[in-house]
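I opened this structure to see what its rings, core, pockets and loops look like. My notes follow in the order I looked things up.

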Amino acid sequence: MNPRNKGNKGERDWRDVLNSTFGVKYARTPLSGGLDIRGDIRRTYKSPKSIADEFHWEVKRVEKLNIHRALQQAIRDCRPPLIPCVVFRRNNEDWRITVLAEDFLNMMLELQELRQKPTKKTTDFEKWLKDKETKRRIRKEVKMKWKLK
């Protein structure tokens with residue numbers, strides 16, 4: 001397989017991973033950044049937004065990768081506020097992602113904040129049940145106070 005076809009297939013494979021993971025429609029960037037549009041993967045028009053939209057995806061499907069050069073390309077092509085990252089893999093291996101340490105630490109801080117927030121939301125049924133119990137308690141207190149049957 002020639003290198004261009006292998007790169008194109010890698011971009012399609014990563015696009016499929018994003019589509020199945022986030023349930024959003026992503027597509028390869030036309031001409032792989034040959035136009036004014038940079039990055040290898042973009043969300044399609046009118047598709048719902050997802051967290052993956054916050055990344056500048058540079059996809060590499062090679063056996064020998066100069067990760068420093070690839071990350072420099074991602075940084076150079078990335079437009080703020082996107083996070084530059086390189087997604088890469090060799091034949092018969094899993095996908096790997098490289099980001100700058102500062103970006104990774106910021107993501108971990110955001111995750112930590114989310115996990116520390118109380119996530120318990122009261123359902124409508126729980127609200128109804130609590131309301132019903134409150135009304136029972138009030139009725140009981142009124143009956144005892146006024147000695148009603």
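**Aromatic pairs**

I began with the rings. The model is predicted, and I counted three aromatic pairs in the structure. I took up the pair of Trp14 and Trp57. How far apart are the ring centres of Trp14 and Trp57, and at what angle are their planes? The centres lie 5.6 Å apart and the planes stand at 55°. Edge-to-face needs over 60 degrees and stacked needs under 30, so I logged this pair as tilted.

Next I asked which parts the pair ties together. Trp14 sits in helix α1 and Trp57 in strand β3, so the link joins parts that are 43 residues apart in sequence.

Then I checked burial for both rings. Trp14 has a relative accessible area of 8%. Trp57 has 7%. Buried means under 20%, so Trp14 is buried, and so is Trp57.

I also looked for a wider grouping. Trp14, Phe55, Trp57 and Trp95 form one aromatic cluster. A charge turned up at Trp95: Arg89 lies over the face of that ring, at 5.4 Å from the ring centre.

**Nonpolar cores**

I moved on to the largest nonpolar core. I found twelve residues in this core, among them Trp14, Phe55 and Trp57 from the aromatic cluster. The other members are Leu18, Val24, Tyr26, Ile41, Ala52, Val59, Ile83, Cys85 and Val87. Which elements supply at least two residues each? I noted α1 (3–22), β3 (55–60) and β4 (83–88).

Apart from this core lies another, of five residues. I wrote down Ala70, Leu71, Ala74 and Phe88 as being among them.

I went back to Phe55 for its contacts. Leaving aside neighbours within four places in sequence, Phe55 is in contact with Leu82, Ile83, Cys85 and Met107. Of these partners, Ile83 and Cys85 are members of the largest nonpolar core.

**Second largest pocket**

I pulled up the second largest pocket. Its volume is about 170 Å³. Which residues line it? I listed Ile51, Glu54, Phe55, Ile83, Asp103, Asn106, Met107, Glu110 and Leu111. Phe55 and Ile83 thus appear both in this lining and in the largest nonpolar core. Helix α3 (residues 101–116) gives the most to the lining, with five residues.

I took a closer look at Asp103, one of the lining residues. Asp103 lies in helix α3. Is Asp103 buried or exposed? It is buried, with a relative accessible area of 16%. Not counting residues up to four places away in sequence, Asp103 touches Ile83 and Pro84. I also took a distance from Asp103 to Cys85, 18 residues apart along the chain: their C-alpha atoms are separated by 9.4 Å.

**Backbone in the loops**

I scanned the backbone torsions next. The peptide bond from Pro80 to Pro81 is cis, with omega near 10°. Pro81 is in the loop between α2 (67–77) and β4.

Asn92 also caught my eye. Its phi is near 60°, a positive value in a residue other than glycine. Where is Asn92 placed? I found Asn92 in the loop between β4 and β5 (96–99). Asn92 counts as exposed, at 79% relative accessibility.

**Helix α2 and the chain ends**

I checked Asp77, which is in helix α2. At 14% relative accessibility, Asp77 counts as buried. I then set it against Arg115. The two are 38 residues apart along the chain, and their C-alpha atoms are separated by 33 Å.

At the start of the chain, Met1 is in the segment before α1. Met1 is exposed, with a relative accessible area of 72%. I still found contacts for Met1: not counting residues up to four places away in sequence, it touches Lys6 and Lys9.

My last stop was Glu141, in helix α4 (residues 124–146). Is Glu141 buried, partly exposed or exposed? I noted partly exposed, with a relative accessible area of 45%. How far is Glu141 from Val24? Their C-alpha atoms are separated by 54 Å, and the two residues are 117 apart along the chain. Val24 is one of the members of the largest nonpolar core.

Methods:
Residues numbered from 1 in each chain as written. Predicted model: local features only at pLDDT ≥ 70, side-chain atom pairs only at ≥ 80, totals over all residues. Heavy atoms only, no water. Core = buried A, V, L, I, M, F, W, Y, C linked by side-chain atoms within 4.5 Å. Buried < 20%, exposed > 50% of the residue type's maximum accessible area, 1.4 Å probe, protein only. Helix = DSSP H or I, 4+ residues; strand = E, 2+ residues; numbered from the N terminus. Contact = heavy atoms within 4.5 Å. Phe/Tyr/Trp six-rings, centres within 6.5 Å; stacked < 30°, edge-to-face > 60°. Lys NZ or Arg CZ within 6 Å of the ring centre and 35° of its normal. 1 Å grid on protein atoms, 1.4 Å probe; cavity = no way out; pocket = protein on both sides within 12 Å on 5 of 7 lines; lining within 4 Å. Points joined across faces, edges and corners; volume = space filled by probe spheres on them.
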